[in-house]
Each structure stands twice: as C-alpha cells, then as structure tokens.
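This report describes the internal spaces of one protein model and the packing of one pair of its helices. The structure is shown first, and the description follows.

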Amino acid sequence: MQVAAIQLDIEPEAVEANLDRAHEAVADAAAAGADLAVLPEQFYVGFFAFDAYPTHAAGLDDPLFDRLADVAADNDIGLVAGSVVESLADSAAAGYDVPATEGYANTSVFFDRDGTRRGIYRKHHLFGYESAESELLVPGDSLSVVDFEGLTIGTTTCYDLRFPSLYRRLLDRGVDCLVVPSAWPYPRIEHWETLGRARAIENLSYVIAVNGSGSFPAADATLCGRSTIYDPWGTARAAAGDEPTTLTATVEPAVVDRVRSAFPALDDRR
C-alpha cells in the first residue's frame, strides 16, 4: 500500500485557500498511485490561529466533513483528514457520542475510499505550555482504530507523541500502523524526530508522522515540517525538510509481521 504524507503549507485563518490546497494535494497523491493520504493537524485553519477556532468550528454533520468525504471519494483514496476544530455542542445535537456537550475538540476523521467515515479521533493530550489549546479544547476519551487494506491503523495527534502509554493501548488493539497529524513548531526538531522514531521502534509499527509547513506571526510560531514515514525498525523510509511537499512510501503488513517475528520484543512485555 502506498501512503502519502502531505506536508501542507498552512496559512493562518485562510480556510478556503487551505482546503483548496489540501484538495489539490490529495488529488495529486491519488493520481500518483497513493492509497492513503494523511493531512496535518488543523490543516484548514492553522493550529496557532486560536482566536479563529470558534468561528470555524464544525459539528460532525457540518458540510465541511461532507466536503472532505468527497475529496476521498472523488479520488478513490483513503484520507486521514488531519484535524479540525469540532463543535461538540453541534455534534452532540446531531446525536454523536462526544466527551462533552459543549466546547471544542481537536478532531481527526478517517475516510474510506468511497468517502465513508471510518474513524473519529479527538486529541487526548492537549498542549498547555505557552499554548491556548488546553484552555480552548476538550480532550478526547476514545481511540480510533481502522482496518484499511490489510493494515490496522491507529490515529493520534501531535503532542500525543510524548505519551507512550497511548500507543501501547493502540498496540493492544492490534495496530501495526500509526498516523500522527501534527503542527509541531520550531525549535523542538530533535523532539519531533526522536519521538516519532521511538514510537515506531517500541511498538514495531509503521509511523506516519505528518507535520505542516508555514508561519503564524501572531503567535510567533513556525512549523518545522520534517514529516517522516518510519518503518517498524524505526528507519525513515521518506523524510522532508521544512518546505511544503508530499512524501510517499510503501507500507506492508508483511513487513510488520517479519520484524515482529525476527525481533519479538513485544512478547517480553510484563
């Protein structure tokens, strides 16, 4: 299976431009043979555009999600739609199971090739250090695990990378591929690269770590890019700099099986 990690150039609050850019990048990835595309965290509004969150929040029945489903269906590609600001009140009113009936969540949706919604993940760990995220958003309380074309894929988001227990829970659900839409800023490049590789090594799983590109002058923040696709040995099979680009790599369930058989460290857990 071919995976495309789309390191999108994200303009603060430029929702339509960001959505158009994402649509074009997904279409290009599909045309090049990708089976699954992954977008960055808050790819449509920009993670650090906190003041714009209430304006652009959307319930799960909002046309925004129909639009993203159409991107997947029109291009016959699986799509992890990075994340968006979810209006929990609107989702609750529509009958969805939500962690709170008011407020907002940092929510990623997994769409199948036909646009069917397969998984919903709300970021569990909210960044508090010099960030408004933990003040504005409600943490998620459930996992998203999707079987897609031979792989069992778990979704996490950005700061979650620092909490390995979450990944062990996903491992216990049979996950062999982890996707991590992110908005990781300078200067913590070493943390981003080390943590993504560590999650691959310790879980003997693929990790698709997808960051954005672009600056947020109001927050004095710049995304560091460096999207990377790691194999179950922790080897980078494709890696980016800080400019917008699309990475592609082949991910195979048989490789996970071979690695876990050759180095059965997971059998020694206590």
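## Cavities, pocket and a helix pair

By class, the second largest cavity has a lining of 8 nonpolar, 1 polar and 1 charged residues. The model is a predicted one, and it holds 2 cavities of 30 Å³ or more. The residues that line the second largest cavity are Leu19, Ala22, His23, Val26, Leu39, Phe43, Arg67, Leu68, Val71 and Leu79. Within this set, Arg67 is the charged residue and His23 the polar one. Two helices, helix 1 (15-31) and helix 3 (63-75), each supply at least two residues of this lining. Helix 1 provides the largest share, with 4 residues.

The largest cavity is bordered by Phe47, Phe48, Lys123, Phe127, Cys158, Tyr159, Arg162, Ala183, Trp184, Pro185 and Arg188. Its lining comprises 8 nonpolar and 3 charged residues, with no polar ones. The charged members are Lys123, Arg162 and Arg188.

An open space is also present in the model: the largest pocket is lined by 13 residues. Of these, Phe48, Glu130, Pro185, Arg188 and Ala221 lie nearest the centre of the pocket. Phe48, Pro185 and Arg188 also appear in the lining of the largest cavity. The table sets out the volumes and the lining classes of the three spaces.

| Space | Volume | Lining by class |
|---|---|---|
| Largest cavity | about 120 Å³ | 8 nonpolar, no polar, 3 charged |
| Second largest cavity | about 60 Å³ | 8 nonpolar, 1 polar, 1 charged |
| Largest pocket | about 220 Å³ | 8 nonpolar, 2 polar, 3 charged |

The remaining topic is the packing of helix 6 against helix 7. Two packed helices are described by the angle between their axes and the distance between the axes. How do the axes of helix 6 and helix 7 cross? The axes of helix 6 (residues 164-172) and helix 7 (residues 189-203) cross at roughly 40° and come within 11 Å. Helix 6 is therefore oblique to helix 7. The crossing of helix 6 past helix 7 is right-handed.

Which residues of helix 6 meet helix 7? On the side of helix 6, these are Pro164, Tyr167, Arg168 and Leu171, and they meet Arg199, Glu202 and Asn203 of helix 7. By class, the residues of this contact divide into 3 nonpolar, 1 polar and 3 charged. The nonpolar residues are Pro164, Tyr167 and Leu171, all from helix 6. Asn203 of helix 7 is the polar residue, while Arg168, Arg199 and Glu202 are charged.

Conventions: Residues numbered from 1 in each chain as written. Predicted model: local features only at pLDDT ≥ 70, side-chain atom pairs only at ≥ 80, totals over all residues. Heavy atoms only, no water. 1 Å grid on protein atoms, 1.4 Å probe; cavity = no way out; pocket = protein on both sides within 12 Å on 5 of 7 lines; lining within 4 Å. Points joined across faces, edges and corners; volume = space filled by probe spheres on them. Axes fitted to C-alpha atoms, helices over the stretch in contact; angles between N-to-C directions. Parallel < 35°, antiparallel > 145°, perpendicular 65-115°, else oblique. Left-handed = near helix turned anticlockwise from the far one by under 90°. Contact = heavy atoms within 4.5 Å.
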